[in-house]
Amino acid sequence: MAKKIGVTMEVGNDGVAVITISNPPVNSLASPIISGLKEKFRDANQRIDVKAIVLIGNNGRFSGGFDINVFQQVHKTGDLSLMPEVSVELVCNLMEDSRKPLVAAVEGLALGGGLELAMACHARVAAPKAQLGLPELTLGVIPGFGGTQRLPRLVGLAKATDMILLSKSISSEEGQKLGLIDALVPPGDVLSTSRKWALDIAEGRKPFLRSLHRTDKIGSLSEARAILKTSRQLAKKIAPNMPQHHACIEVIEEGIIHGGYSGVLKEAEVFKQLVLSDTAKGLVHVFFAQRATSKVPNVTDVGLKPRPIKKVAVIGGGLMGSGIATALLLSNIRVVLKEINSEYLMKGIKSVEANMKGLVSRGKLTQDKAGKALSLFKGVLDYTEFKDVDMVIEAVIENIQLKQNIFKEIEKVCSPHCILASNTSTIDLDVIGEKTNSKDRIVGAHFFSPAHLMPLLEIVRSKNTSAQVILDLMAVGKAIKKVPVVVGNCIGFAVNRTFFPYSQAAHMLANLGVDLFRIDSVITSFGLPLGPFQLGDLAGHGIGLAVGPIYAKVYGDRMFRSPMTELLLKSGRNGKINGKGYYIYEKGSKPKPDPSVLSVVEESRKLTNIMPGGKPISVSDKEIVEMILFPVVNEACRVLDEGVVIRASDLDIASVLGMSFPSYRGGIVFWADTVGPKYIYERLKRLSETYGSFFKPSRYLEERAMNGMLLSESKSSRSRL
Ligand SMILES: CCCCCCCCCCC[C@H](O)CC(=O)SCCNC(=O)CCNC(=O)[C@H](O)C(C)(C)COP(=O)(O)OP(=O)(O)OC[C@H]1O[C@@H](n2cnc3c(N)ncnc32)[C@H](O)[C@@H]1OP(=O)(O)O
Ligand SMILES: NC(=O)c1ccc[n+]([C@@H]2O[C@H](COP(=O)([O-])OP(=O)(O)OC[C@H]3O[C@@H](n4cnc5c(N)ncnc54)[C@H](O)[C@@H]3O)[C@@H](O)[C@H]2O)c1
């Protein structure tokens, strides 16, 4: 059925014109909506039978904001004229400065441009639990319909800067306390109350308030400057590499000093500059890429419905199992945790409790909710409870035989509909399920550590996994607030495989004589939260040593063999786990580079003996970034070539959510396309001539570079999906 897009106006016998925005699913403000609003507001202002106006969104949602597709079109074409002139013509002139009172009837959500339209109304009536916010900064832009000026005037400067800089939504309940919402009424009464409110304003029973003209919540200039100073410090901390936060503060300040209207004009200017920035391009790409992950051909488009998953068994209560159990419990899914003996079971239960406690102490969870979640939790030492579970997630140690035996056992004790998932990071799913007759319900549920906090869930499908099982796991993933990305079965799956060259390249550079702390610092300045050496410390070097040979077996032709990890472990440094790695870890203080580790590095350099002429190489920061991240791009090319991901943008999301690759760079493939496949190919080719096959460009990269194609351009591939 075609979507009904447009703006309607109905004038009631009471003289109230109800203007309704319809653009499912979120009533985004697309071009026809903007022009429809202009037309209807002009009409309502001119008609003599209209005394007052109510603005509402169809289907219980006010509006999710300006149509983000338009940003994408602007990015593709560079054509700013695609952006309509709205802020002054519609929002200021036709709405706020209208002689007829205008009330916003807010249900469901009012975000971005949606909230900005509501703030230009003369009052706001909302239903409970409506979501209100200005999330534009997450898209690399700033609010562009006057939000930078009206929100501070309605809720106060400190609260407004907090909401805008952190893209934090509030509920209509909080909005009412702050003065953003004038009345909170049951959903069924929103329209009728709004009509009455609008007439009350028209007939002088309620004040006719224009948000942009208000000054009562702004405070004195010196108070405002103090708040903006704190905001600038916050922006520096949370977004050191992004322009929109600082730009937004400048725009807010303009309005404080020179008045709201002047702020609105500056806002439009700054918006125009920001919308074309690389940051906006990257972030808008990530917005759509994330949503694309929920479209899986032959899974989500064949009429299947996810089955309810109410009870899950987790096998293994170590680091991963306890995190997975926590995530499930927090979404009201009953969990039985099975361990090998009572000592380990107690440890697992305590870890889950500690995870909950951590969330409570950081204000992310109420004590009450933590208690409720834990009431759904049970520890067990046998399979009795498994008979009625809907899904098992195995998270025992990485041992092929152990996993094979467990799958053989659970196949017998679980019901035939039960999903059999493994959290393995390196073992082929076909091998895990080899001893079973249930290959169609075996699937990988690859969480990232800490599993209750990290947002990515790689759903690994083997060639036998059924579409129903994939759909069910996608639904569970969403229920536990993860972003599920469906990937194919190969060593390392999408994320770990793409990023295995990350630490390898870092080791090569360190063995070539580059200071390892400099490497970490260059990579964090690029935007990754941890450099490769600190990341190694965090994971534990024992793991690095264990998985090395597994990768070497399949990807041996492109491995750099460094003795550094082994030497590190020999010198008693296992990373954060034992307080000592490349860095020193002390409770309550930030990791400190440990100068004494340099003797280990020296020993490694002697053994590899790859420094040209025995002397450290000299590289710029840019070269460090390229030598570390271009091999990652090269592996991403192989992942694309082999069809391990459905689309390139899935790998972007996986890299952002699984490896914390900076979202403002759009993900690994998007970034590589920005740099240019040809440039990357030529750099890798030259590096491989100097330093060997580790850098050898892949066939996919070479083809793309030669044909002037982007890495993300789709092609018919030998898909594993
Ligand atoms: C010459 C130049 C002068 C300058 C003039 C300036 C003109 C422009 C000024 C713009 C001013 C404005 O300040 C800018 C904005 O408003 S930017 C948008 C701000 N809004 C958001 O960021 C909200 C984004 N959306 C969400 O957060 C969520 O989608 C949600 C609204 C909370 C709903 O969540 P959920 O129910 O989980 O659904 P999905 O996320 O899956 O979304 C469903 C589908 O809807 C699409 N969608 C959502 N929001 C938008 C949007 N704003 N625009 C377009 N499309 C949107 C989403 O992609 C999903 O689509 P598919 O089903 O196809 O995947
Ligand atoms: N550590 C990570 O960062 C990470 C990330 C993703 C995936 N993984 C994968 O998750 C799995 C678990 O890793 P981990 O780091 O949590 O290991 P871990 O050593 O912390 O925990 C494993 C737990 O399994 C238990 N166990 C062993 N045999 C069992 C059995 N027969 N029945 C029940 N429990 C049993 C052990 O007692 C231990 O508590 C591995 O397959 C690993 O590859 C790990």
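Start by selecting helix α5 and helix α6: in this predicted model, α5 passes α6 in a right-handed crossing. To pick them out, choose residues 147–155 for α5 and residues 157–165 for α6. Their axes lie 7 Å apart, and the two helices pack at an angle of about 135°. Angles from 65 to 115 degrees would count as roughly perpendicular and those over 145 as roughly antiparallel, so α5 and α6 are oblique to each other.

Now show the side chains at this contact. From α5, display G147, T148, L151, P152 and V155; their partners in α6 are L157, K159, A160, M163 and I164. Colour them by class and you should find seven nonpolar, two polar and one charged residues in the contact of α5 with α6.

**Zoom out**

Next, select the whole protein. Its secondary structure comprises 29 helices and 19 strands. Turn the C-alpha trace along its principal axes and it spans about 85 × 65 × 50 Å. How does the radius of gyration of the protein compare with that of a compact globule? A compact globule of 721 residues would come out near 27 Å, and the protein has 28 Å, so the two agree.

**Two annotated spans**

Select residues 311–489 next. UniProt, in an unreviewed entry, lists this span as "domain: 3-hydroxyacyl-CoA dehydrogenase NAD binding". Helix makes up 40% of the span and strand 22%. Put a distance label on the C-alpha atoms at the two ends of residues 311–489, and it should read 26 Å.

Then move to residues 492–585, where UniProt, again in an unreviewed entry, places the feature "domain: 3-hydroxyacyl-CoA dehydrogenase C-terminal". Here the chain is 62% helix and 2% strand. The end C-alpha atoms of residues 492–585 are 28 Å apart.

**Three stops along the backbone**

Go to P24 and P25, and look at the peptide bond that joins them. It is cis, with omega near 5°. P25 sits in the loop between β2 (16–22) and α1 (31–46).

For another cis bond, select S449 and P450: the peptide bond from S449 to P450 has omega near -10°. The loop holding P450 runs between β15 (442–447) and β16 (456–461).

Then centre on N332. Which sign does phi take at N332? Phi is positive, near 65°, in a residue other than glycine. You will find N332 in the loop between α13 (319–330) and β11 (334–338).

**Helix α25 and its partners**

For the last stop, select helix α25 (residues 621–641) together with helix α27 (residues 668–675). Their axes come within 10 Å and cross at roughly 115°. That angle makes α25 roughly perpendicular to α27. The crossing of α25 past α27 is left-handed. On the α25 side of the contact, show V625, L629, F630, V632, V633 and L640; on the α27 side, show I668, V669, W671, A672 and V675. By class, the contact of α25 with α27 has 11 nonpolar, no polar and no charged residues.

Keep α25 on screen and add helix α28 (residues 677–691). The axes of α25 and α28 come within 10 Å and cross at roughly 100°. This makes α25 roughly perpendicular to α28. Display K622, E623, E626, M627, F630, P631, V633 and N634 of α25, then Y679, I680, R683, L684, L687 and Y691 of α28, to see the residues that make the contact. How do the residues of the contact of α25 with α28 divide by class? There are nine nonpolar, one polar and four charged.

Before you leave, highlight F630 and V633 in α25. These two residues are listed in the contact with α27, and they also take part in the contact with α28.

Terms used. Residues numbered from 1 in each chain as written. Chains lettered and ligands numbered in written order. Predicted model: local features only at pLDDT ≥ 70, side-chain atom pairs only at ≥ 80, totals over all residues. Heavy atoms only, no water. UniProt positions renumbered as here; feature names shortened; annotations may be inferred. Helix = DSSP H or I, 4+ residues; strand = E, 2+ residues; numbered from the N terminus. Axes fitted to C-alpha atoms, helices over the stretch in contact; angles between N-to-C directions. Parallel < 35°, antiparallel > 145°, perpendicular 65-115°, else oblique. Left-handed = near helix turned anticlockwise from the far one by under 90°. Contact = heavy atoms within 4.5 Å. Nonpolar A, V, L, I, M, F, W, Y, C, P; charged D, E, K, R; others polar. Rg over C-alpha atoms; globule rule 2.2 N^0.38 Å.
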